[in-house]
Amino acid sequence: MTEIVGISIAALLLSVFIKEYNKAAAICLLIAAGAVIFLKCASELGEIGSAVLSFSSAADGTAAYIKLMLKVLGISITVQFAADLCRDAGESALAYQCETAAKIIILAMILPLFETVIKIIAGLVT
């Protein structure tokens with residue numbers, strides 16, 4: 001955790017100083033720092049995903065749903081990272097488009113889950 005905080009503070013300070021002279025270099029520095037932080041966290045995310053999937057394998061029929069939730073979470077985190085970088089670069093319209101595209105992709109991914117829930121509800125009603 002201290003490495004991530006150190007990288008963040010160092011990148012922020014360097015970016016503030018560099019931004020006055022070269023805005024593009026400052027943005028590239030922030031993107032690089034963000035990528036390093038993301039990669040440091042990615043290994044831990046993989047371990048968390050493996051642990052959750054191993055827990056779900058014990059419960060019958062839940063592995064597919066948990067796998068879907070992890071995919072949605074991964075998409076959400078990745079898109080939030082990209083959108084924040086777009087906003088930092090002054091491209092808020094691109095950030096909103098990225099977030100909207102992610103929402104559509106996530107909705108398409110969870111449609112089978114909605115179908116299952118509707119079938120369960122329809123079975124309870126009849």
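The expected span of a helix is taken as 1.5 Å times one less than its number of residues. In this predicted model, that yardstick can be applied to α1 straight away: the helix has 18 residues and should therefore span 26 Å, and the 25 Å between its end C-alpha atoms agrees with this. The buried residues of α1 are I4, A11 and S15. Because the arc they cover around the axis is only 35°, these residues sit on the same side of α1. An α-helix has 3.6 residues a turn, so residues three or four places apart point the same way. On the face of α1 turned away from the buried side, the exposed residues T2 and F17 are found.

T2, a residue of helix α1, deserves a brief word of its own. Its relative accessible area is 68%, so T2 counts as exposed, the cut-off being over 50%. Between T2 and A93 there are 33 Å in space, C-alpha to C-alpha, and the pair is 91 residues apart in sequence.

Helix α3 passes the corresponding length check. With 26 residues at 1.5 Å a residue, α3 should span 38 Å, and its end C-alpha atoms, 37 Å apart, agree with that value. Buried positions in α3 are I66, L68, V72, V79, A83, L85 and C86. Just after this helix, G90 adopts a positive phi of about 85°.

Within α3 lies S76, and here the picture is a little more detailed. S76 has a relative accessible area of 33%, and is therefore partly exposed, since this value falls between the 20% and 50% cut-offs. The side chain of S76 reaches back to the backbone oxygen of V72 at 2.9 Å, and V72 is itself among the buried residues of α3. S76 can also be placed relative to I106: the two are 30 residues apart in sequence, with 8.5 Å between their C-alpha atoms.

The helices come together again in the description of the largest pocket, whose volume is about 190 Å³. At least two lining residues come from each of α1 (2-19), α2 (23-58) and α3 (63-88). The lining consists of S8, A11, L30, A33, G34, I37, F81, D84, L85 and D88, and it divides into six nonpolar, two polar and two charged residues. Two of these lining residues have already been met: A11 belongs to the buried set of α1, and L85 to that of α3.

How values were computed. Residues numbered from 1 in each chain as written. Predicted model: local features only at pLDDT ≥ 70, side-chain atom pairs only at ≥ 80, totals over all residues. Heavy atoms only, no water. 1 Å grid on protein atoms, 1.4 Å probe; cavity = no way out; pocket = protein on both sides within 12 Å on 5 of 7 lines; lining within 4 Å. Points joined across faces, edges and corners; volume = space filled by probe spheres on them. Helix = DSSP H or I, 4+ residues; strand = E, 2+ residues; numbered from the N terminus. Nonpolar A, V, L, I, M, F, W, Y, C, P; charged D, E, K, R; others polar. Buried < 20%, exposed > 50% of the residue type's maximum accessible area, 1.4 Å probe, protein only. Polar contact = N/O pair within 3.5 Å; in protein donor to acceptor, adjacent residues only side chain to side chain. Arc of directions from axis to C-beta.
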